[in-house]
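Welcome to this short tour. Please open your viewer and get ready to select residues as we go.

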Amino acid sequence: MSEIRNKIVELQNNMNSNILGQEDLVNKLLITLLADGNILVEGAPGLAKTKAIKTLASMIKADYNRIQFTPDLLPSDVTGSEIYVTSTGKFEFRKGPVFANLVLADEINRAPAKVQSALLEAMAERQVSVGGKRYDLPKLFMVMATQNPIEHEGTYNLPEAQLDRFLMHVKVEHPNAEVEKKILRLVRGEISGKNNKLSSEVSIEDILAAREEAFAVHMSEKIEEYLVQLIMATRNPEKYNNALKGYVAYGASPRATLALDRCSRVNAWLRGKDFVSPEDVHAVVYDVLRHRIILSFEAQAEGMTSDNVIASLLKVVPLP
């Protein structure tokens, strides 16, 4: 067990002690960060989505910016723009809030597609183009976008092309009664100043080093084949289960294959393993694929969800 992994596990434990009842969200945040991706989090208000990324940013001493998406937001409000400086008589580029290590795109579906697409280049290429010039984003960069599933008025569905840019789509649920009590006491302590502030010895350099270690985790040819067959099954599900015929309009893209590979490796590394097993694939497969499977109208009319399709395929695609 490496020293770097010990630091990351300690970071995860510290976050879980400060963000109660959201162990899965914390785990998927770390997987996304270590896999060099972006994450879409869907959940009702008050479920510690913002607190999770703010806590992560503070504990690794990373630059953090929050962008509140609204219908009147402009693309330049995200990326930045060129400003004319009278003292020099020249245009200078003023960086927008996307220039940070961790960026929270809060309620991303409240802004129109033109603004949502302002994040596309940043998420995919790790750069921003303004005025014919390209500006590189930090080496450690992650966007966490949030969606509120209970409000639909004044919202804009994310285009499929942008959804595919997210490494994971995580759904956050309400905590149970016991955890709710613990949250109540934790917040009381924070208000009174009794709770100790969490500290961490993890740096940005440690995260980058952990990423290299995780990507070096071994994946056998049999697991590779299993992973690819899962992706193939999303494109032609009727070949594996005739009951799913006509339910999937579009299956997962090759980007999903790469995402499943990276996330499986990181999950295995976090569990202290030096190889990927089917359990590691299963641990991340729903979050990697649920936003990449587009259901037909027939499937939606019957109340099917992409999670239902994934569950069905996991039962019929042969294990290695």
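Which residues line the largest cavity? Keep in mind that you are looking at a predicted model. To find out, select Leu 230, Thr 234, Val 285, Leu 289, Ile 310, Leu 313 and Leu 314, and show their side chains: these residues form the lining.

**Stop 1: the cavity**

Now colour the elements around this spot. Helices α10, α12 (278-289) and α14 (306-316) are the elements that give two or more residues to the lining of the largest cavity. Of these, α14 gives the most, with three residues. How much space is inside? The largest cavity holds about 30 Å³. If you search the whole structure for cavities of 30 Å³ or more, one turns up. Try colouring the lining by residue class as well: you will see six nonpolar residues, one polar residue and no charged ones.

**Stop 2: two helices meeting**

Stay with α10, and select residues 221-235 to see this helix in full. Next add helix α11, residues 254-270. The two helices pack at an angle of about 145°, and their axes are 10 Å apart. Is their crossing left-handed or right-handed? Turn the view and check: the crossing of α10 and α11 is right-handed.

Zoom in on the contact itself. From α10, pick Leu 227, Val 228, Ile 231 and Arg 235; they meet Pro 254, Ala 256, Thr 257, Leu 260 and Asp 261 in α11. Sorted by class, the residues of this contact are six nonpolar, one polar and two charged.

**Stop 3: the sheet**

Switch to a cartoon view and look for the strands. Five of them make an open sheet with parallel pairing, in the order β2-β5-β8-β1-β9. Which strands sit at the edges? Select β2 (64-68) and β9 (168-171): each of these edge strands pairs on one side only. On average, and ignoring direction, neighbouring strands of this sheet are turned by 20° against each other.

For a closer look, select β1 (residues 39-42) and β8 (residues 142-147). These strands run parallel and are joined by four bridges. Within this pair, find Glu 42, which stands opposite Gln 147 in β8.

**Last stop: a helix on the sheet**

Finally, select helix α2, residues 23-34, which packs on the sheet. Which strands does α2 touch? The answer is β1, β5 (102-106), β8 and β9. Compare the directions of α2 and β9 in your viewer: they make an angle of about 170°.

Notes:
Residues numbered from 1 in each chain as written. Predicted model: local features only at pLDDT ≥ 70, side-chain atom pairs only at ≥ 80, totals over all residues. Heavy atoms only, no water. Axes fitted to C-alpha atoms, helices over the stretch in contact; angles between N-to-C directions. Left-handed = near helix turned anticlockwise from the far one by under 90°. Contact = heavy atoms within 4.5 Å. Nonpolar A, V, L, I, M, F, W, Y, C, P; charged D, E, K, R; others polar. 1 Å grid on protein atoms, 1.4 Å probe; cavity = no way out; pocket = protein on both sides within 12 Å on 5 of 7 lines; lining within 4 Å. Points joined across faces, edges and corners; volume = space filled by probe spheres on them. Pairing = 2+ DSSP bridges.
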